[in-house]
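This report covers part of a sheet and the aromatic contacts of one chain. The sequence and the model are shown first.

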Amino acid sequence: MKNIIDSFDYFLKSNELGKTDAKNINRLLQMIDTDGYIEKQVVLDELFKKAADADANYRNFVKRVRDAIDNAQAEDDDLTGRKILESIEVNIVKASRTQPTRLQLTTRYVAPIVVQPEANRQYDESIFQKNIAKDAGKKIDANDIIIFLSHSKEDERLVHDFQELFESRSPCINERSVKIWTMQELTFGGSFDQKIQQNLRSADFGLAALSQNFLKSEYIKEKEVPYLLDNNRLLLFGLDAKIDGKDISADDFFTQMKEALPEGDLHQQTLQQHVCYLNDRKGNFFGDCIKEESKIKFVDKVISDLTKVMEEQEKTKQKEKKHIENSCNGNYEYDAFVPSKAKGMEVKNQSESLVGKDAQPDTPEYELIPDMLAWAQNSDQSIYAILGDYGMGKTFSCRIFAKELAGTKITPFYIDLRDTPTFVTKDNIVRQPLLEEIIDNVLGRQNIKTQAQDFIQQAQDGTLIFIFDGLDEKLVHYNQDMRQQFLSELMRVFPVDTFRSQSKVKMVLSCRTHHFEDLKAQSSFLRGLGRTDSASEDYRAVEILPFNALQIESLLEKQLGNKSRIVFELINDNRYLANLAKRPFLLTRIAQVLPTLQTLRVINSAAVYQALIDDAIDRDEGKHILHPRHKRILLQDLSAELWQQSEQILMVDELNEWYQSWLHRNTSILQQYDKVSNSELERDLRNSTLLVRFGEEDFGFTHSSMQEFFLAQWILKNWRQLLGDFKLNKAISLLTRQFILDGILLLKPKEIKQLKQALKDSLQQKNTTELTHLALDIVSTMSKEMGITLDFECVDLSYLKVKQLFVTGLKTKELILSHSDLPASRWKNVEIAIVKINDSNLNQSVWRDCVLQDLHTDFNFKIDDALHSGMHQWTVDNCQFEFEHTAFSKALQWHIYVNSHKLKTSSVQNLSQFDFLQTGHSGAIQSANFSPDGQTIISASWDNTLKLWSLNGQCLHTFIEHSGFKAPTLAPMGKLSFLHHLTTPLNYGI
């Protein structure tokens, strides 16, 4: 991927491609996979969504890019550049059976790219690193304050005189030299507009040379003044007071120009700004100053006003910096903090495997916060990714890191992504938020007026680090393409015209490990953080480790003092509590409700959270209006509302409106509070211990895991009540799923009975993947944890799409698999009378200790490609397949095991030639099975005998006077055991 991006970056900086097409290529580079592919539909949605004919725009775009590649030329002496341009291609890959139509950006050039051509002539660089234009006579230091001087081209003579005199005064602000950039410094051979915009955005402040020509310039009004006004970086000074060539006073100039400007013109706002000029008879505007001393006096006044404005802004910036640094403190008890430990994670470039603590036992452990601080101050890696399960202290660690960083020259900018909008609506279009909108949302809640772009610029200068906490809780609301797009949006902190390894940007990302389905998905995410294939060069990824005994004891001692030892011993006496206590967030909560937990028959995550909530609600009783029972129902419904809106917070007006609607839907509850005013009820809700205010007007649950617990309760309750009519059309997080599975162990007998019926009703009909997958997980949990096996008439898994599905204890007369995608699924202790497989993918599935009586499939043995059967490379371990399966086994490469002994496919096929099994009995063979060691066979016949055979056909023993038996097997100790009756003439014990 590195070669692709670097090669196309070179191309973009070396061609005549239009700026819109160049921008679109750059966006594609942020979205392609490691092989350079991106689905055509994604390109249409992202680049040409608003176009009248998206397909035509797409085709024309590809043609223009291909033409530009064909016409691109490097300098004659640039051999490497020539190789790069000759190697890149843009291909359209037609749809196949397994893949949709895709666009591919590719290159054949593989050598390290060290060539960096001159600035691109048309490249759209909307966000720039500081890249200050220099002329031969001006020396600019990186610490200099750069002033962008906005002026009309017609005023160049006066502007030149002003700039020359200004810099001759050698002004300094906060011990930094001040230099001016004007468009007079532009050179030929480049795009003037691009260079002006580049220097405008990289400048520290802006001066505007006010004149009639200035106010007439459309370019200044559209391209320069809006940016300076929006970012509060503008100081105007009077350059020339003439109107139509006539000298007039400053007062008359302002009066006449305001009258001449149309109503609503942007320059009406411009003229309301402070304007620096001399208010004496010797000169008003700079052009009125005849004598040198008047000009110097004028320039000194501009320098004085500029100094005051910039010093005031610097004070404001320092206050805001302090405010931002303090904003991450929250309600955390920092004195009770116990440092977390972590291990580094590494992704191999040539495979999907992720090397972590299990694969690399010798990886050293280290304290997380010192490692983060060392990375922030010394490392060249741009991203620090913190991964860990829920409750492991990711958020607390991010806040501690920000607190420690605040004492350095680097400003931490902490953003809890749970508190930012998931979607925004603009121009009637619902979309994901832009990076600037995410930052502005945080700033708005803290009443900070500085623009988001200022903080992005600080990050690009290396003086600020963005900390994006809770990435998984935002990604869970998006589909796969939207997740990648959101991550790409955060990556816009990096300058688009600079290789990441050369930028000064650093950011922290935290994410739950259980957000990912498997290690492959986690590895793919980590590599996706980098814009190169060598992801480890771009980021440092660590996994927070569970607390050890010393850390647990230390945290308890800080919180409980002398009582800590007793609590520590009680926790250690319970296996489940000891496991949960390894998560610092849960450890503090467990200590609070330990007496309650000791009385429970089952202790798991749901039990712990239920005890925490009961304790919180009990403490509210007597202080609040709503009854505890009603408050639980309310919080369940509120969690569902937030989940359905893909949000973690509601504004106070939205919360009150929803609450009133909820009360009127629940009339039986409302009647009990008919004497209480609406305002009192609303205030009572907001004062709940389990809700907290974020910022000034946003409310949400005290912790996102609390919201997920209440959502799990809401799903179980509504499913039991609605039975087969319950629908789950939206994905739930893995934590919500775990709360549901743990929660069923706490249900009462009546509730278990309701849930059983709900499962039967839901699984016998086509349903959403989310609901069907959850139902199967519940069936498996009931079987493993509760010893409950449900008997189904029919289980319909049509259109179910789940990777590595696990099913345990399922018993049904009919299992329907139509257009299902269940690769590498795992089936254990299932009993199925008829399996119907139609156009489905169950390749590489594992069946262990299962009974399948009949199989209906559209598999044609004449088909050469076994992959299309959906049953390719099954692993079958100690199963009873009561249908003729030997042909399947050979054709589909099944791996068959009997008591840990693998049987070759050829052996299974040849067993049908063991004629001695038939000739040795006087009646028909009912069934036969291998012994555990695979060296003998036991056969059962309708002649009421059992015979034990060696593999060469010798009868070792005959058991007589047996009748009414079912299929026999030989147990490990040689004793006979009897299985279900088999309907085929011969059963191979697999």
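Strand 8, residues 234-238, is mostly covered in this predicted model: five of its five residues are buried. Leu234, Leu236 and Gly238 point one way from strand 8, while Leu235 and Phe237 point the other way. Residues on both sides of strand 8 are buried.

Strand 8 belongs to an open sheet of six strands with mixed pairing. The order of the strands in this sheet is 5-6-4-7-8-9. Strand 8 therefore has strand 7 on one side and strand 9 on the other, as the strand order shows. Strand 7 (residues 205-210) runs parallel to strand 8 and is joined to it by five bridges. In one of these pairings, alanine 208 has leucine 236 of strand 8 as its bridge partner. On the other flank, strand 8 and strand 9 also pair in the parallel sense, over two bridges. Here phenylalanine 237 has cysteine 276 in strand 9 as its bridge partner.

Which strands stand at the edges of the sheet? They are strand 5 (172-173) and strand 9 (275-276). Each has a single partner strand, so one side of each is left without a neighbour in the sheet. For strand 5, the partner is strand 6 (residues 176-181), and the two run antiparallel, joined by two bridges. The bridge partner of cysteine 172 is serine 177, in strand 6.

The bridge partners named above are set out below.

| Residue | Bridge partner | Strand of the partner |
|---|---|---|
| Cysteine 172 | Serine 177 | Strand 6 |
| Alanine 208 | Leucine 236 | Strand 8 |
| Phenylalanine 237 | Cysteine 276 | Strand 9 |

Phe237 of strand 8 also takes part in an aromatic cluster, together with Phe162, Phe166, Phe286 and Phe298. The structure holds 32 aromatic pairs. In the pair of phenylalanine 162 and phenylalanine 166, the ring centres are 5.8 Å apart and the planes are at 40°, so the pair counts as tilted. Both residues lie in helix 6 (residues 156-168), four residues apart, which is about one turn of the helix. Phenylalanine 162 and phenylalanine 166 are both buried.

Two further rings have a charged residue over the face. Arginine 102 lies over the face of tyrosine 37, at 4.1 Å from the ring centre. Lysine 506 is placed over the face of tryptophan 375, at 5.2 Å from the ring centre.

Definitions and conventions: Residues numbered from 1 in each chain as written. Predicted model: local features only at pLDDT ≥ 70, side-chain atom pairs only at ≥ 80, totals over all residues. Heavy atoms only, no water. Phe/Tyr/Trp six-rings, centres within 6.5 Å; stacked < 30°, edge-to-face > 60°. Buried < 20%, exposed > 50% of the residue type's maximum accessible area, 1.4 Å probe, protein only. Lys NZ or Arg CZ within 6 Å of the ring centre and 35° of its normal. Pairing = 2+ DSSP bridges.
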